[in-house]
Amino acid sequence: MSNAIGYAGCALLLALAYTDLRARRLPNLLVSAFCTLYVAQAWAAGASYGALAQHAAAALVVLLCATALFAAGGIGGGDVKLASALALWIGPHGALPAFVLVSIAGFAVALIGLVADRLASPAASSPAFACALQLFSARRGVPYGVALSACGVVALLPRSLFFG
C-alpha cells in the first residue's frame, strides 16, 4: 500500500509541475492533497508520533525559511507551500540533500527559461515549438514548482526502481 501512496504523490507532483509550467500557479487543492497523502503514507507505514513530529518540524522550518525568501521576492507563495509539503514528506534527515537537489534543478529550470526566451522569435518555426518555448519562458517567471516536483518524485519513488 505504501508504494501506491507514493505513486499517487508522484502523480500529484507531476500535475503540480504541469500546472506551474502552464499558469505559474500551484493550486492549494493539489498541495493540500499532497500533504494529506503524507498522512496516509505515515499511517500505512506505522510511523510513530515522534517521527510524525520530526517531519512536521522539518516542514515548519522550511515554511519559515521559504516565507523569508517569499518576503524578499525570491520565490512565489505557491513555492513556499510546496517546499513545506515536500519537507513534510522528506523529513529532517533528508531535507538538506533534497533541497540541494531542488537548488540544482531550479538553476536548470531557470537556464532553460533563459534559453527559451533567447530562442523565441516572432518567426518561430512551428506553433508547437513556440508553445513549448512559451511554457518555459523566464519572462513569465521561473516555474520553481517544477524543480520542487522533480525532487519530490525522486524522493518518493521506491529505491528499487533506481537500484534494482
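User: Which residues make the nonpolar surface patch of about 280 Å²?
Analyst: This model is predicted: local features need pLDDT of at least 70, side-chain atom pairs count only at pLDDT 80 or more, and totals for chains, interfaces and linings use all residues. Numbering starts from 1 along each chain as its sequence is written, and side-chain values use heavy atoms, without hydrogens and water. Patch residues have over 30% relative accessible area (Shrake-Rupley, 1.4 Å probe, only the protein chains shown as cover) and no salt bridge (Lys or Arg side-chain nitrogen within 4 Å of an Asp or Glu carboxyl oxygen); like charges are joined within 9 Å, nonpolar side chains (Val, Leu, Ile, Met, Phe, Trp, Tyr) within 5 Å. This patch is made by Leu60, Leu63 and Leu64.

User: Is Leu64 buried or exposed?
Analyst: Leu64 sits in helix α3, a DSSP run of H or I with at least four residues. Buried means under 20% relative accessible area, exposed over 50%, and partly exposed lies in between. At 57%, Leu64 is exposed.

User: What relative accessible area does Ala58 have?
Analyst: Ala58 also lies in helix α3. Ala58 touches Ala87, Gly91 and Pro92, not counting residues up to four places away in sequence; contact means heavy atoms within 4.5 Å. Ala58 is buried, with a relative accessible area of 11%.

User: How far apart are the end C-alpha atoms of helix α2?
Analyst: Helix α2 has 18 residues, 28-45. The expected span is 1.5 Å times one less than the number of residues, so α2 should span 26 Å. The model agrees: its end C-alpha atoms are separated by 26 Å.

Key
Helices (H or I, at least four residues) and strands (E, at least two) are DSSP runs, numbered from the N terminus. Buried means under 20% relative accessible area, exposed over 50%, partly exposed in between (1.4 Å probe, protein chains only).
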